[in-house]
Amino acid sequence: AAAAAGGRGRGALPAGWACGVVGRGAGAGMEAAEGALPAGAGPAGYQALRREVFIEEQAVSEAEEWDGRDEDAWHVVLYDAAAPPACVACARLLVDEGGQAAAVGRVAVARSQRERGVGSLLMARVHELALGRLGLLSLRLDAQVQVIPFYEKMGYSLVPGEVFLDAGIPHRKMLLKN
């Protein structure tokens, strides 16, 4: 119900692609949420993509990117088996202690996949995990200002407040309620 509302629908993955979940509840490795994961799928894939997007492209410092919270998080990743390195999109979900809300962050899409609907596919899978499988009531994120319209299409609303800098990049707080 909620997953289909407000632009949060699923959408089919392209042929040869797979979605995986890494982290809390996924055991020691990765579980396929959809499709067949390529050999070597796992943390190294999303870490390489985050390095490419945040550290190299956006000049985020190593210390800010690798904040020590990855082991406490769920990671949703999209893989294209035909495009090594195979991880083409990823996002991190940090569930609050009370288990009713979470922060979405580290949302990255490979440069070659932007403006092709990959971000929407990724966020639909994040919503399925968070609002469906985990039964969370709300998600919050700090959106880079230039992508606020994307998150609004995904059902998020701006939280009252000012623009703030995170890693030197202007952001606004946003919220999605289930």
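**Figure 1. Tyr151 and its ring partners.** At 7% relative accessibility, Tyr151 counts as buried, because the cut-off for that word is a value under 20%. Tyr151 is a good place to begin a tour of this predicted model. The rings of Tyr151 and Tyr156 have centres 5.8 Å apart and planes at 80°, so this pair is edge-to-face. Tyr156 is buried too, with a relative accessible area of 3%. How many aromatic pairs does a search of the whole structure find? The search finds two. In the pair formed by Phe150 and Tyr151, the ring centres lie 5.0 Å apart and the planes meet at 70°, so this pair is also edge-to-face. Phe150 has a relative accessibility of 25% and therefore counts as partly exposed. Put together, the ring pairs link Phe150, Tyr151 and Tyr156 into a cluster. If the numbers look unfamiliar, remember that a pair of aromatic rings is described by the distance of the centres and the angle of the planes.

**Figure 2. The largest pocket and its lining.** Here we look at the largest pocket, whose volume is about 1,200 Å³. Its lining is made up of 46 residues, and those closest to the centre are Phe54, Val107, Gln144, Val147 and Tyr151. You have already met Tyr151 as a member of the ring cluster. Which strand gives the largest share of the lining? That is strand 5, with seven residues. Other elements also take part: among those that supply at least two residues each are helix 1 (43-57), helix 3 (118-133), helix 4 (148-153) and strand 9 (169-177). Sorted by character, the lining residues divide into 21 nonpolar, nine polar and 16 charged.

**Figure 3. Gln144, a residue by the pocket centre.** Gln144 is found in strand 6, which spans residues 138-144. Is Gln144 buried or exposed? With a relative accessible area of 14%, Gln144 is buried. Leaving aside neighbours within four places in sequence, Gln144 is in contact with Phe54, Gln58, Ile169, Pro170 and His171. One of these partners, Phe54, is listed together with Gln144 among the residues closest to the centre of the largest pocket.

**Figure 4. Leu122 and its many contacts along the chain.** Leu122 lies in helix 3. Its relative accessibility is 0%, so Leu122 counts as buried. Which residues does Leu122 touch, once neighbours within four places in sequence are left aside? The contacts are Val76, Leu78, Ala89, Cys90, Ala91, Val107 and Ala108. Look at Cys90 in particular: Leu122 and Cys90 are 32 residues apart in sequence, and their C-alpha atoms are 7.0 Å apart in space. Val107 may also ring a bell, since this residue is among those closest to the centre of the largest pocket.

**Figure 5. Two loop residues, Asp70 and Gln100.** Asp70 lies in the loop between helix 2 (62-65) and strand 3 (74-80). Asp70 is buried, with a relative accessible area of 14%. Not counting residues up to four places away in sequence, Asp70 touches Tyr46, Arg50, His75 and Arg92. Now move to Gln100, found in the loop between strand 4 (87-95) and strand 5 (101-109). Gln100 has a relative accessible area of 47% and is partly exposed, because values between the cut-offs of 20% and 50% fall in that class. Gln100 touches Leu136, Leu137 and Ser138, again not counting residues up to four places away in sequence. Gln100 and Leu131 are 31 residues apart in sequence, while their C-alpha atoms are 9.4 Å apart in space.

**Figure 6. Stepping back to the whole protein.** With the close-ups in mind, we can place them in the full fold. How many helices and strands does the protein have? Its secondary structure comes to four helices and nine strands, and reading along the sequence gives the pattern β-β-α-α-β-β-β-α-β-α-β-β-β. Of the 178 residues, 42% count as buried. Among contacts with a separation of 6 or more, 58% involve residues 24 or more positions apart; the contact between Leu122 and Cys90, which are 32 residues apart in sequence, gives you a picture of such a pair. The accessible surface of the protein comes to about 8,700 Å², and 53% of that area belongs to carbon and sulfur atoms.

Note on methods
Residues are numbered from 1 along each chain as its sequence is written. This is a predicted model: local features need pLDDT of at least 70, side-chain atom pairs count only at pLDDT 80 or more; totals for chains, interfaces and linings use all residues. Side-chain values use heavy atoms; hydrogens and water are left out. Buried means under 20% relative accessible area, exposed over 50%, partly exposed in between (1.4 Å probe, protein chains only). Contact means heavy atoms within 4.5 Å. Rings of Phe, Tyr and Trp (its six-membered ring) pair if their centres lie within 6.5 Å; planes under 30 degrees apart count as stacked, over 60 as edge-to-face and the rest as tilted. On a 1 Å grid over the protein atoms alone, a cavity is a set of points where a 1.4 Å probe fits but cannot get out, and a pocket is an open set with protein on both sides within 12 Å along at least five of seven lines; lining residues have an atom within 4 Å of a point. Grid points are joined across faces, edges and corners, and a volume is the space filled by probe spheres set on the points. Ala, Val, Leu, Ile, Met, Phe, Trp, Tyr, Cys and Pro count as nonpolar, Asp, Glu, Lys and Arg as charged, and the others, Gly among them, as polar. Accessible areas come from the Shrake-Rupley method with a 1.4 Å probe; for residues, only the protein chains shown count as cover.
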